[in-house]
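Colleague: I would like to learn how to read a structure like this one, feature by feature. Could we go through it together, with the general idea coming before each case?

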Amino acid sequence: MTAEAPALTASAGHGEGHAPASGHAQRGISNPILGMLLFITSEVMFFSGLFAAYFSTRAANAPWPPDVFKDILDPLGPIIIATIILIASSFTCQFAVWSIRRGDRKGFVRNISITFVLGIIFLVMQVYDYTILFSEGMTLGSGPFGTTYFTLTGFHGAHVFGGVLMLGVILYRGMAGQFSAKHHDAVEAVSLYWHFVDIVWILLFSILYLL
Amino acid sequence: MATHALSPAAVPAYRGGLYEWLTTTDHKKIGIMYLINSFVFFLIGGIFALLVRTELAAPGIQLFTNEHVYNEAFSIHATVMIFLFIIPMLAGLGNYVVPLMIGAPDMAFPRINALSFWMLPLGGILLLAGFLTPGGAAAAGWTSYPPLSERGALASPGPGQDLWIVALILIGTSSILGGINFLVTIFKMRAPGLTLFRMPIMVWTMLVTSVLVVMATPVITSALVMLFIDRNYGGSFFLPDKGGTAVLYQNVFWFYSHPAVYVMVLPAMGVISEVLPVFSRKPLFGYKAFIFATAGIGALGFSVWAHHMFTTGAVFLPFFSLMTFLIAVPTGVKMFNWVFTLFRGQLTFSTPLIFAIGFLTMFLIGGINGAFSASVPIDFALQDTYWVVAHLHYVLFGGSVFGVFAGIYYWFPKMTGRMLSESLGKVHFVIMFIGFNLTFFPMHMLGIKGMPRRIADYASDAGWNDWNLLATIGGFMIAVSMLPFIWNVFVSLRNGKIAGDDPWEGNTLEWATSSPPPAYNFDRLPDIRSERPVFDARHGLNAGHGHAAIAAGGHGEAS
Amino acid sequence: MSTSPRKRPASEALVAGGVVVLLIAIVGIIFFTGAGSELYPPKPATVQAKEVASLYDLVFAIAVAIFVAVEGLIIWSILRYRRRPTDVDLPPQTHGNNFVEVLWTLIPTVIVLYLFAISWQTLNSVDYTSVANGQKPDVQIHVLAGQFQWQFEYLDANGKVVATQTKPLGEGGGMAVPVGKKVYVTLSSGDVIHAWYVPRFLFKRDVIPGQTNNFEFTVDPAEVGQTFRGQCAELCGTGHNAMQFQVVAMTQADYDAWLAKLVEAANATPVPPPSGAPVLALDAKNIAYDNRALEVPANAPFVIAFKNDDPSTITHDVDLRAADGTTVVANQDPIAGGTTAQYSYPALPAGTYQFFCSVHPGVAAMTGTLTVK
């Protein structure tokens, strides 16, 4: 009923914590991680809807990109740096998970801090990239090319922002010493989410810039 | 509620009634709040339905000042009934009974459960707030097809449509969180011995429903988001003159909204699959086949969306026609399972069973008249006529709503500790059953004779007058039938017969605890050796295991 | 001792059986007398519709058979197997029966596959068009849908528009077609989605902006002289219900004459307005008049120089009613977007009148007050 009610409360309402309710065998993965996997499934379906719209719109509009924006999306521009940064952050995030699995709290805090900062840098770079595109006249309202580009990258950016907030929370909790080798479901769950966000970006980058 | 022997220090000494309800994370209280909230929206949606029916009672524009208001009325009627009544009503029943049925103390994520609930009234208020905006509420139908929902002088231009989008995204998110919660609860929190193939059918249907919710709802969120961008930020997803595709929205929308039909009907099937065995004193006929049929419906449900789009000239007709026909097979399997559960049973005609039989007889019609629309050439004639209105109401009212009431009459004693009045329940059923058929059966005739949906007026010489008048009379009968129900609930809450733990001689675990159950549900659980643990505890383990395959032979006396 | 169903009194079985027989009898009476005709489609008016109607009859027969069988089984079970006070012991605990379960999976599968096959067959002839098969249709009509009116462009063999019918209803209006001829229709919309629907053709097709749909039909020669009611079937806004049209079936000779007259009218020089009559300018754009309060002198004919600035699919006109809003003073023919017209009106006594667009009745921005003094 309240967050602290022990024992008979469903163990899983909170990231870590209490032993499972007596008699309820905890088989396999824990509740928060299963919950996160299901949440990611629903996010995959959300992005699938947007991707379907992208391909449908692209098929209906030739040439793609339109002549006005012919070379505006340069895969070797600043965006490649942002991409590398996001991919790197996925690695540091995984290092953090491995640290806490070993019980290495310092390593965990260090790695998660790096991930957190890399996430923020990615967001800043994306905002910078947007300002360049805006200055060249490409906006949400400038035809299907702009609409799909900003919708897809915008929602990805929003997910990165959400991920950064989650990273901030586990960073704070990690610094407060709330995680241990045994109890760190929240870390596992957030890292799954962060990897998901990273994979979506790799897909986006491949489709928007390379394909 | 406010104290628990094991954790006296963790619970505040006293929590006032209202404060307790507003802050509760108990799945039972949240479930009851879901039910009350959904019922309130059922009444609101019903009022819009009555307005629509009153306008259509006779040719001419009588009730509304103009057709735009009429368009608002039916758009909000459908949106409220689907998103704020049926889906959350069934989610509420599931919320109450699923943890009880699997012997769990609560849902897996109690606080997320509370969040899921509170998003609903908020979404509902946002939706209805559209009426206060200039231009009124959303008026492009519950489907809100663009370009109509996006632009045009006479479309649905106002902020009401934006509120509609935001409300639906909110309600959808609530559904997704609820679905995740159900799945984790069902997968991770079952009592020892309760294997997957010993779960009550209600739990199975909630499981399949939740898979549909988690996988389909985000897709409509993406459609709504794109609609919002088109409307407000100059986007061009669905506007052909700006390079978009109008039919794209329909594809994305129905990719969700067809599975959503199963979200609206599977849990109701679950309810009657609990009620029929209990009141015929027999196990469900073909338990495993029923589960596979449920899973089959869920899987096929993702491949039939374009049967809502046969007349667009933009879909591959044979594939979607075939899939739509095929989905009739698992549905038919279930129908036979139910009927053969009744067959050779000992039926006690309590209100839950009567409503379940109402479901069987009416849902059968909703299944059969749906097969007409699966046939593409016939659908060319029927699409967007009143035939479709008849079909969807036979499924969603004749099916789901009768199922919902079966569930309410069945579990009310568990929720409150008191029985509902049987005689008032039967009055409710009779009026609602007759009213329902008076309202919706004539719509078949209207549709086949060519009356399109969503028109505010019709020519007096088109031959539609009598059927429309009859449908309107039936609509008011349905409204009247709610009075004995509401009266029943209020009277029985105070003066109803004390129910005891197990008034119906139930089969499943919720009947093994007190009525209403204590916080965290169970002090102890019976042994679970079959899908009917409470039946086993009552009659002995061997009672339920007569001879298995004796439907035809008839030598299956218990021990 | 257990009470097996067999030991139940025969009277229960008699009652249950009787009710089931009654159900079958009622259903039979309904469908084999005239009373069931309400559940059948209206008389099909095209070659294609006849095929759909016979498919419907077949599906309907199967549907009624399934309905009676299952509904009968339900009624039998609930009447026959009531629990009686003597039923203390449990009934047979039947968990299932593989044989009947396989049976009731296979038989419905066969039925739906059969329904699918015959539906597909009918679909192929309903969806057949000459154009898709490299042949020339006899008549080509391009239908333009806009809020809230239909226009019909008649095309010659080369696909060139020879005449446009802007009056979808009423005297001399509607879409005229010769009976017994293959009529190929293309559909396009300039604003929102509409649907071309004629109940007696048992057919509709959506009219979607950005996408040209097509279909073909041949009106049954027996229907010559008939007028078929048509209507928009996809919600298209406030005037959705007003978006009606007619299809008029003619002999080839009558059709040729009708079309020639339409062509002639399109090429005719407009009748000049009476000289000296006052001319008022009125524009329509975005489904709104630019001026909703007009003034003319009493007892003199006058002219409205009307300009429709909307897209070509959207038509407008300026009709006149007395102050009560119902008494007709003058009706004009609507004009397509991007065109102009000189509407002449008779001399009126002093007073106030209402003018409005007959394509957009009830739209406030398209109603105004004419003051005559």
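**Reading the model step by step**

Modeller: Let us begin with a residue in a loop: R344(B) sits in the loop between α10 and α11 of chain B. Please keep in mind throughout that this is a predicted model.

Colleague: What is the phi of R344(B), and is the residue buried or exposed, or something in between?

Modeller: The phi of R344(B) is positive, at about 65 degrees, although the residue is not a glycine. As for accessibility, the range between buried and exposed runs from 20% to 50%, so R344(B), with 24% relative accessibility, counts as partly exposed.

Colleague: Which other residue has a positive phi without being glycine, and where is it found?

Modeller: R281(B) is such a residue, with phi near 55 degrees, and it is found in the loop between α7 (246-280) and α8 (287-300) of chain B. R281(B) has a relative accessibility of 8%, and because buried means under 20%, it counts as buried.

Colleague: Let us turn to the chains. Which pair of chains has the most contacts?

Modeller: Of the 2 pairs of chains that touch, chains B and C have the most contacts. By contrast, no contact joins chain A and chain C, and their closest C-alpha atoms lie 10 Å apart.

Colleague: How many residues take part where chain B meets chain C, and what area is buried there?

Modeller: On the chain B side 108 residues are in contact with 90 residues of chain C, and the area buried between these two chains is about 8,200 Å², with carbon and sulfur atoms giving 67% of it. Helix α10 (residues 328-342) of chain B supplies 9 residues, the largest share of the side that touches chain C. Sorted by class, that side of chain B has 65 nonpolar, 30 polar and 13 charged residues.

Colleague: How many salt bridges and how many residue pairs in polar contact are counted between chain B and chain C?

Modeller: The count is 0 for salt bridges, whereas 21 residue pairs are in polar contact, both residues being at pLDDT 80 or more. For a single case, look at Q346(B), whose side chain reaches the backbone oxygen of D89(C) at 3.0 Å. Q346(B) is placed in the loop between α10 and α11 of chain B, and it is buried, because its relative accessible area is 1%.

Colleague: How should I read the cysteines, and how many disulfides does the structure hold?

Modeller: A disulfide is a covalent bond that links the sulfur atoms of two cysteines. Over all chains, the structure holds 0 disulfides. C232(C) has the sulfur of C236(C) as its nearest cysteine sulfur, 3.9 Å away, and is in no disulfide because the cut-off is 2.5 Å. C232(C) is also buried, with a relative accessible area of 0%, and C93(A), at 1%, is buried as well.

Colleague: Finally, where are cis peptide bonds found?

Modeller: One joins W64(A) and P65(A), with omega at about -5 degrees, and P65(A) lies in the loop between α1 (31-60) and α2 (78-102) of chain A. Another joins S515(B) and P516(B), where omega is about -10 degrees; P516(B) is placed in the loop between α15 and α16 of chain B. P517(B) lies in the loop between α15 (465-495) and α16 (533-539) of chain B, and it counts as buried because its relative accessibility is 3%.

Methods: Residues numbered from 1 in each chain as written. Chains lettered and ligands numbered in written order. Predicted model: local features only at pLDDT ≥ 70, side-chain atom pairs only at ≥ 80, totals over all residues. Heavy atoms only, no water. Helix = DSSP H or I, 4+ residues; strand = E, 2+ residues; numbered from the N terminus. Buried < 20%, exposed > 50% of the residue type's maximum accessible area, 1.4 Å probe, protein only. Contact = heavy atoms within 4.5 Å. Buried area = accessible area lost by both parts, 1.4 Å probe. Salt bridge = Lys/Arg side-chain N within 4 Å of Asp/Glu carboxyl O. Polar contact = N/O pair within 3.5 Å; in protein donor to acceptor, adjacent residues only side chain to side chain. Nonpolar A, V, L, I, M, F, W, Y, C, P; charged D, E, K, R; others polar.
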